[in-house]
Amino acid sequence: MITSRRMRLALELVALAAPPALMAICGFFGYSRFALFSLIVVAASVVIFMVGYDRSRPSASELVPITVMAALAVAGRVLFAPIPSFKPVSAITIIAGIVFGRRSGFMVGALAGLVSNFFFGQGPWTPWQMYAWGFIGYLAGVLAQAGAFEKRPVVLAYGVASGLVYGLILNLWSIVGFFHPQDAAQFVALFAAAVPLDVIHGVATAVFLAIVYYPWHRKLMRVKRKYGFGEG
């Protein structure tokens with residue numbers, strides 16, 4: 001059992017590290033086929049998580065709240081579609097990670113990205129959105145297990161940071177994969193153009209967390225205790 005857990009954790013770390021490592025290597029060497037290659041790698045990373053989650057054999061009672069939270073994230077993204085970058089997806093993903101653990105947080109984020117893009121449009125960006133939101137949920141679970149979210153300001157600060165992290169991942173992917181800047185000045189200009197939307201995303205996440213985090217956290221913790229699931 002311990003060996004199996006260690007293997008799953010090792011695979012998770014590899015899956016998390018592979019996409020940004022690939023992006024850094026391809027960006028440094030100017031690899032022209034980065035867009036296609038990265039799509040394969042990031043999709044494989046997401047699949048590794050999903051297969052690992054399935055092999056952990058979650059019970060039906062555990063799958064229900066995860067599915068419901070992913071559905072709420074999708075509904076929230078659709079509902080707030082008219083407001084650019086002002087979405088509750090990251091906030092809901094963070095709550096899932098904090099309450100149910102890192103793998104559940106990743107699953108909620110990844111599923112929300114996949115399903116919501118049936119409304120917004122699928123494309124090569126979908127696996128990267130799944131990865132970025134999944135990473136946010138995963139990291140929230142890791143930090144929660146370490147006791148980092150005992151105070152409200154820390155939760156809200158992570159909400160702001162999550163929007164910037166999500167933007168960093170998607171912006172770097174688009175810049176390295178499609179824009180191919182010729183020098184550092186072009187790279188900075190392209191990256192800076194997206195920062196205002198990333199800030200809005202982070203602020204929106206903190207706002208949603210300020211509104212729903214504590215009531216949802218209490219209710220979900222009761223569900224978790226009642227059915228006795230979650231990650232150790």
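Ala-96 counts as buried in this predicted model, because its relative accessibility is 0%. The residue is found in helix H4, which covers residues 89-100. Its distance to Arg-77 was also computed. Ala-96 and Arg-77 stand 19 residues apart in sequence. In space, their C-alpha atoms are 16 Å apart.

Pro-19 was assigned in the same way. Its relative accessibility is 0%, so Pro-19 counts as buried. This proline has its place in helix H1, residues 2-29. Pro-19 and Val-203 are 184 residues apart along the chain. The C-alpha atoms of Pro-19 and Val-203 are separated by 26 Å. Val-203 appears again below, as one of the residues of a nonpolar surface patch.

Ala-194 is a further buried residue, with a relative accessibility of 18%. The cut-off matters here: buried means under 20% relative accessible area. Ala-194 therefore counts as buried at 18%. The residue lies in helix H8. Ala-194 and Pro-153 are 41 residues apart along the chain. A distance of 26 Å separates the C-alpha atoms of Ala-194 and Pro-153.

Helix H8 also holds Ile-211. Here the accessibility is 56%, so Ile-211 counts as exposed. The limit for this class is over 50% relative accessible area. Ile-211 belongs to a nonpolar patch on the surface. The other members of the patch are Val-160, Leu-164, Val-195, Val-199, Val-203 and Val-207. Together, the residues of the patch have about 500 Å² of accessible area. Two helices, H7 and H8, each supply at least two residues of the patch. H8 gives the most, with five residues.

The pockets were examined next. The largest pocket has a volume of about 550 Å³. It is lined by 21 residues. Closest to the centre of the pocket are Ser-85, Tyr-166, Leu-170, Asn-171 and Asp-198. Three helices give two or more residues to the lining: H6 (125-145), H7 (152-179) and H8 (184-227). The largest share comes from H7, which provides eight residues. By residue class, the lining divides into twelve nonpolar, six polar and three charged residues. H7 and H8 thus appear in two settings. Both give two or more residues to the lining of the largest pocket, and both supply at least two residues of the nonpolar patch. The largest share of the pocket lining comes from H7, whereas H8 gives the most to the patch.

Ser-85, one of the residues closest to the centre of the largest pocket, was described further. Ser-85 lies in the loop between helix H3 (60-79) and H4. Its backbone has a positive phi of about 70°, although Ser-85 is not a glycine. The relative accessible area of Ser-85 is 23%, so the residue is partly exposed. This class lies between the limits for buried, under 20%, and exposed, over 50%.

Technical notes: Residues are numbered from 1 along each chain as its sequence is written. This is a predicted model: local features need pLDDT of at least 70, side-chain atom pairs count only at pLDDT 80 or more; totals for chains, interfaces and linings use all residues. Side-chain values use heavy atoms; hydrogens and water are left out. On a 1 Å grid over the protein atoms alone, a cavity is a set of points where a 1.4 Å probe fits but cannot get out, and a pocket is an open set with protein on both sides within 12 Å along at least five of seven lines; lining residues have an atom within 4 Å of a point. Grid points are joined across faces, edges and corners, and a volume is the space filled by probe spheres set on the points. Helices (H or I, at least four residues) and strands (E, at least two) are DSSP runs, numbered from the N terminus. Ala, Val, Leu, Ile, Met, Phe, Trp, Tyr, Cys and Pro count as nonpolar, Asp, Glu, Lys and Arg as charged, and the others, Gly among them, as polar. Patches are made of residues with over 30% relative accessible area and no salt bridge: like charges are joined within 9 Å, nonpolar side chains (Val, Leu, Ile, Met, Phe, Trp, Tyr) within 5 Å. Accessible areas come from the Shrake-Rupley method with a 1.4 Å probe; for residues, only the protein chains shown count as cover. A salt bridge is a side-chain nitrogen of Lys or Arg within 4 Å of a carboxyl oxygen of Asp or Glu. Buried means under 20% relative accessible area, exposed over 50%, partly exposed in between (1.4 Å probe, protein chains only).
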